[in-house]
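This briefing sets out selected features of the structure shown below. Please read it alongside the sequence and the coordinates.

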Amino acid sequence: MAKDKVIAVIGATGAQGGGLARAILGDPQRPFRVRALTRHAASEKARELAALGGEVVEANLDDPESLQRAFQGAHGAYCVTNFWEHFSPDKELAQAGNLAQAAKAAGVEHVIWSTLEDTRRWVPLTDDRMPTLMERYKVPHFDAKGEAEHLFSELGLPTTFLLTSFYWDNLIHFGLGPKRGHDGVLAIAFPMGNRKLPGIAAQDIGRCAYGVFRQGQEHIGKTVGIAGEHLSGPEMAVALTEALGQEVRYHDVPPEVYRGLGFPGAEDLGNMFQFKRDFNDDFCRARDPERARSLNPGLQNFRQWLAENGTRIPID
């Protein structure tokens, strides 16, 4: 493998892209070089990547010309968007189009698109099992990513579609960690019943993506689903109890109640959990921890992740 192959990493200072950038930089064989793309090259995280040997380049998903410049000469590109910055699936689709066009213009030889299911394949807009949101979506932050896949395939881009899972890091950063009830006992609450929730450490997504790039042409044109472990809510509660040293219960909340909790994105997440519950066999089957481990031998399970990160979970 040539030593000068560059991987352009969108969101290199974020969760997924940061995991990939550090995986590339941490490989003693250095088969690739990382080009860390960020909107803010002077940020602390960007400076850290530069100090480790990364090439830091400013680029903006809303600026097609900046993306084309950033992708020039790159062998590979890791493409990801962040719905939660703007809550707009239409903007996410536009950004995905900018990424695909930039990769095509630059002649990138291997693109990874970080994606999720378009849930409308299972729950059409006319299906009232869950409400339609923003007029044409069921789970906006899923559907836009799934819909965007055709933007890459129709351009004939050599693309791997990386199907991701629930970040366990959401327990730290997204407000989904245990909350103390009126009885003083901690609890997690998801509208999942006792069905399994595929989850993964955010940094392991990037490490799995690195495995895809390392294996070359093998995964081009394929969808690769990854997870660290599949756990039910009660199983997660047991692991959290052990890690935190105090009881954590699991509450199965009806989706309609979850959608009405009032925090930003509650309706989207309520529909998301209901989709994962109602189509659990399909959702879990698409995400194979063993396949993920073949890409990333250091893949963490939930208890391993908790051993390193449990103290970072905020407790009320």
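Leaving out neighbours within four places in sequence, Leu163 is in contact (heavy atoms within 4.5 Å) with Thr115, Leu116, Glu117, Thr223, Val224, Gly225, Ile226, Ala286 and Arg287. The model is a predicted one, in which local features need pLDDT of at least 70 and side-chain atom pairs count only at pLDDT 80 or more, whereas totals for chains, interfaces and linings use all residues. Residues are numbered from 1 along each chain as its sequence is written, and side-chain values use heavy atoms, with hydrogens and water left out.

**Leu163 and its setting**

- Leu163 lies in strand 6, which spans residues 159–163; helices (H or I, at least four residues) and strands (E, at least two) are DSSP runs, numbered from the N terminus.
- With a relative accessible area of 7%, Leu163 is buried; the term buried stands for under 20% relative accessible area, exposed for over 50%, and partly exposed for values in between (1.4 Å probe, protein chains only).
- Ile226, one of the contacts of Leu163, is 63 residues from Leu163 along the chain, yet their C-alpha atoms are separated by 6.3 Å.

**The chain as a whole**

- The chain contains 13 helices and 13 strands.
- Its radius of gyration is 19 Å, which agrees with the value near 20 Å for a compact globule of 316 residues; the radius is taken over C-alpha atoms, and the globule rule is 2.2 Å times the number of residues to the power 0.38.
- Along the principal axes, the C-alpha atoms fill a box of roughly 60 × 45 × 35 Å.
- Of the 316 residues in the chain, 54% are buried.
- Among the contacts between residues at least 6 apart in sequence, 77% join residues at least 24 apart.
- The exposed area of the chain is about 13,500 Å², of which carbon and sulfur atoms supply 49%; accessible areas come from the Shrake-Rupley method with a 1.4 Å probe, and for residues only the protein chains shown count as cover.

**Packing of helix 8 against helix 13**

- Helix 8 (residues 233–244) and helix 13 (residues 302–309) pack at an angle of about 35°, and their axes are 10 Å apart; axes are lines fitted to C-alpha atoms, for helices over the stretch in contact, and angles run from 0 to 180 degrees between N-to-C directions.
- The crossing of helix 8 with helix 13 is right-handed; a crossing has this hand if the near helix is turned clockwise from the far one by less than a right angle, and is left-handed if anticlockwise.
- On the helix 8 side, Met236, Val238, Ala239, Leu240, Glu242 and Ala243 take part, and they meet Phe302, Arg303 and Leu306 of helix 13.
- By class, this contact of helix 8 with helix 13 has seven nonpolar residues, two charged residues and no polar ones; Ala, Val, Leu, Ile, Met, Phe, Trp, Tyr, Cys and Pro count as nonpolar, Asp, Glu, Lys and Arg as charged, and the others, Gly among them, as polar.

**Buried residues in helices 10 and 6**

- Leu269 is placed in helix 10 (residues 266–278) and is buried, with a relative accessible area of 4%.
- Not counting residues up to four places away in sequence, Leu269 touches Trp84, His141, Phe174, Tyr258 and Phe263.
- Leu269 and Phe190 are 79 residues apart in sequence, and the distance between them is 9.4 Å, C-alpha to C-alpha.
- Ile172 belongs to helix 6 (residues 170–173) and is buried at 12% relative accessible area.
- Apart from neighbours within four places in sequence, Ile172 is in contact with Trp305, Asn309, Arg312, Ile313 and Pro314.
- Ile172 and Cys284, 112 residues apart in sequence, are 23 Å apart in space, C-alpha to C-alpha.

**Positive phi angles and strand 2**

- Arg30, although not a glycine, has a positive phi of about 45°.
- Arg30 sits in the loop between helix 1 (15–26) and strand 2, and it counts as partly exposed at 36% relative accessibility.
- Glu135 likewise is not a glycine and has a positive phi, of about 75°.
- Glu135 is found in the loop between strand 5 (110–115) and helix 5 (140–153), where it is exposed, with a relative accessible area of 76%.
- Arg33 lies within strand 2 (residues 32–38) and is partly exposed at 41% relative accessibility.
- Arg33 and Lys5 are 6.0 Å apart in space, C-alpha to C-alpha, with their positions 28 residues apart in sequence.
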